[in-house]
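Reader: I would like a close look at one part of this model, with every cut-off spelled out along the way. Please begin with the aromatic side chains and then work outwards to whatever surrounds them.

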Amino acid sequence: NRCGKVAFAAERIVVNKCTFHKDCFRCTTCNKLLGSVWERDKESGEFYCKHDFMSLSRMGTIVGVEKSEETVERKALPP
């Protein structure tokens with residue numbers, strides 16, 4: 001968890017085995033809240049919005065990529 005606090009089931013999302021509060025799942029560069037569209041640098045493990053990821057990729061800063069279509073698990077309260 002990026003903020004270091006416990007994310008309870010009702011307030012978390014799990015993305016590629018990383019747990020975040022819904023409000024903590026943000027772009028590493030611009031801090032934009034990420035939803036279902038994101039990119040991840042496989043080397044650093046950092047998450048980015050598509051815009052920043054494309055910018056960093058063009059500069060050669062990012063090499064490996066994981067796209068949002070792979071795994072996003074949203075937790076909700078049980079009925």
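Which residues do ring pairs link into a cluster, and what can be said about the parts of the chain around them?

Author: The coordinates are those of a predicted model, in which local features need pLDDT of at least 70 and side-chain atom pairs count only at pLDDT 80 or more, while totals for chains, interfaces and linings use all residues. Residues are numbered from 1 along each chain as its sequence is written, and side-chain values use heavy atoms, with hydrogens and water left out.

The cluster that you ask about consists of Phe 20, Phe 25, Trp 38 and Phe 47, which are linked by ring pairs. Rings of Phe, Tyr and Trp (for Trp, its six-membered ring) are taken to pair if their centres lie within 6.5 Å, and a pair counts as stacked when the planes are under 30 degrees apart, as edge-to-face when they are over 60, and as tilted for the rest. The structure holds six aromatic pairs by that criterion. One of them joins Phe 25 to Phe 47 in an edge-to-face arrangement, with 5.2 Å from centre to centre and 75° between the planes. This pair links distant parts of the chain, since Phe 25 sits in the loop between β2 and β3 (39–40) whereas Phe 47 belongs to strand β4, 22 residues apart. Helices (H or I, at least four residues) and strands (E, at least two) are DSSP runs, numbered from the N terminus. Both partners are covered: Phe 25 is buried at a relative accessible area of 0%, and Phe 47 is buried at 1%, where buried means under 20% relative accessible area, exposed means over 50%, and partly exposed lies in between (1.4 Å probe, protein chains only). A further pair is formed by Tyr 48 and Phe 53, whose ring centres are 6.4 Å apart and whose planes meet at 55°, so that this pair is tilted; Tyr 48 and Phe 53 are buried too.

The members of the cluster reappear in the largest nonpolar core, a set of twelve residues made up of Ile 13, Val 15, Phe 20, Phe 25, Cys 27, Leu 34, Trp 38, Phe 47, Tyr 48, Cys 49, Phe 53 and Leu 56. Two or more of these residues come from each of β1 (12–15), β4 (47–48) and α1 (50–59). A nonpolar core is a set of buried Ala, Val, Leu, Ile, Met, Phe, Trp, Tyr and Cys residues joined through side-chain atoms within 4.5 Å.

Cys 27 deserves a separate word, because this core residue is buried at 2% relative accessibility. A disulfide is a pair of cysteine sulfur atoms within 2.5 Å, and by this rule the count comes to zero disulfides. Cys 27 is in no disulfide, its nearest cysteine sulfur being that of Cys 30, 3.7 Å away; Cys 30 is likewise in no disulfide, and its nearest cysteine sulfur is that of Cys 27. In contrast to its buried neighbour, Cys 30 is partly exposed, with a relative accessible area of 40%.

The loop between β2 and β3 also holds Asn 31, which has a positive phi of about 70° although it is not a glycine, and which is partly exposed at 48%. Lys 22 lies in that loop too and is partly exposed, with 39% relative accessible area; Lys 22 and Ala 7 are 15 residues apart in sequence and 8.9 Å apart in space, C-alpha to C-alpha. A positive phi, near 70°, is found as well at Lys 17, a residue other than glycine; Lys 17 is placed in the loop between β1 and β2 and is exposed at 83%.

Strand β2 itself (residues 18–21) includes His 21, which counts as buried at 13% relative accessibility. The side chain of His 21 makes a polar contact of 3.4 Å with the side chain of Glu 11, where a polar contact is a pair of N or O atoms within 3.5 Å; within protein, one must be able to donate a hydrogen and the other to accept it, and residues adjacent in sequence count only if both atoms are side-chain atoms.

To set this part in its frame, the protein chain has one helix and six strands, which run β-β-β-β-α-β-β from the N terminus on. Of its 79 residues, 29% count as buried.
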